[in-house]
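Here's a quick briefing to read alongside the structure. Have a look at the fold first, then go through the notes below.

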Amino acid sequence: MLIGGVKSIGGQVSKFGGVQNHHTLDSQFWGTKLPNKVKLCVWKALKGFFPIRSRLLSRLVDVPVHCGLCQQDSKVDEHLFRDCVVSRRILTPLLGQLAQQQLPFPAWLKLCMGVLSSHKRSELLVLLWSIWKARNDKVWHDKACDHLKVIVRAHLWLQNYLQVNRPPVQIGRQRSKWMKP
Ligand SMILES: [Zn+2]
C-alpha cells in the first residue's frame, strides 16, 4: 500500500530514510532529542490545547476566524500546522507528498513520524514549532512570514542545538604495548 508515495509496510526503509515500525506516536515523539519547549508546543497542537481561533469560537469567544499566517478563513487545527499555504511551503521540502495528506493532525503526525528517519523527525518537530512562532510573530507583532527564512532559521537552530548538546566524545586510554627490552 502506498501512502503519499511511501510504502506503509512495516520494517521497510522508506524514501525518507526511516525504518517503518509500529512504535506508538508517544514513544517516537517524546523520544526525540529536542528541548521540551519544542515538544510541548507540538504536543499542545496534538491534544488540541492551543487557544487558536477555531477553539475560541467554539467557546463562543468572539474572534476573527482567519488564519494568522495567510489571512484565509480557517476553522480547523490542521490548517495552521499543515494545510496553510505558508505552512505547506515550509513543510514540503522535508515531507514532499506527505505535506498534502488530508488526515486529522494526530494521525498525520503519526504517519510522518513512522516513515521519517530520527533526524528528519527532529526537523519536522522544529519546523512545526517554527510555524507556531511565525504565526505568533505575525499575529502579535505584525511581522511578515517568509517561508524560506523560517526553513533556514529552523535548520540553523537545530544544527546549533545538536552541536551544543552532542554527547561528549569518549577518549579511550591509549596504552602502549609492552615491548621486550
Ligand atoms: Zn493559513
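Which residues of the largest nonpolar core touch the most other members? They're Cys112, Leu125, Leu127, Leu128 and Ile131, out of 32 residues in that core. Bear in mind that this is a predicted model, where local features need pLDDT of at least 70, side-chain atom pairs count only at pLDDT 80 or more, and totals for chains, interfaces and linings use all residues. Residues are numbered from 1 along each chain as its sequence is written.

**Overall layout**
- The protein has eight helices and two strands (DSSP runs, numbered from the N terminus: H or I over at least four residues for helices, E over at least two for strands).
- Starting at the N terminus, the order of elements is β-β-α-α-α-α-α-α-α-α.
- Of the 181 residues, 26% are buried, where buried takes 20 or more other C-beta atoms within 10 Å of a residue's own, exposed takes 12 or fewer, and partly exposed is in between, with C-beta atoms placed from the backbone.
- Take the contacts with a separation of 6 or more (a contact being two C-beta atoms, placed from the backbone, within 7 Å): 57% of them join residues 24 or more positions apart.

**The core**
- A nonpolar core here is a set of buried Ala, Val, Leu, Ile, Met, Phe, Trp, Tyr and Cys residues joined through C-beta atoms within 7 Å.
- For the largest one, with its 32 residues, at least two residues each come from α2 (36-47), α4 (77-83), α5 (85-95), α6 (105-115), α7 (118-141) and α8 (147-164).
- The top contributor to this core is α7, with nine residues.
- Once neighbours within four places in sequence are set aside, Leu125 still contacts Thr32, Leu34, Val38, Lys39 and Val42.

**α2 against α7**
- The axes of α2 and α7 sit 9 Å apart and cross at about 75° (axes are lines fitted to C-alpha atoms, for helices over the stretch in contact, and angles run from 0 to 180 degrees between N-to-C directions).
- That makes the two helices, α2 and α7, roughly perpendicular (65 to 115 degrees; under 35 is roughly parallel, over 145 roughly antiparallel, and the rest oblique).
- On the α2 side you'll find Val38, Lys39, Cys41 and Val42, meeting Leu125, Val126, Leu128, Trp129 and Trp132 of α7.
- The residues of this contact split into eight nonpolar, no polar and one charged (Ala, Val, Leu, Ile, Met, Phe, Trp, Tyr, Cys and Pro count as nonpolar, Asp, Glu, Lys and Arg as charged, and the others, Gly among them, as polar).

**α5 and its buried face**
- Val86, Ser87, Ile90, Leu91 and Leu95 are buried in α5.
- Looking down the axis of α5, these buried residues fall within an arc of 145°, so they line one face of the helix (the arc is that of the directions from the helix axis to the C-beta atoms).
- The buried residues of α5 pack against α4, α6, α7 and α8.
- Right after α5 comes Gly96, with a positive phi of about 60°.

**Loops and a long-range pair**
- Gln71, in the loop between α3 (53-58) and α4, isn't a glycine but has a positive phi near 70°.
- Gln71 is exposed, with 11 other C-beta atoms within 10 Å.
- Asp142, in the loop between α7 and α8, is another non-glycine with a positive phi, about 55°.
- Asp142 counts as exposed, with 7 C-beta neighbours inside 10 Å.
- Lys120 belongs to helix α7 and counts as partly exposed, with 18 C-beta neighbours inside 10 Å.
- The C-alpha atoms of Lys120 and Leu94 are 7.7 Å apart, though the two are separated by 26 residues along the chain.
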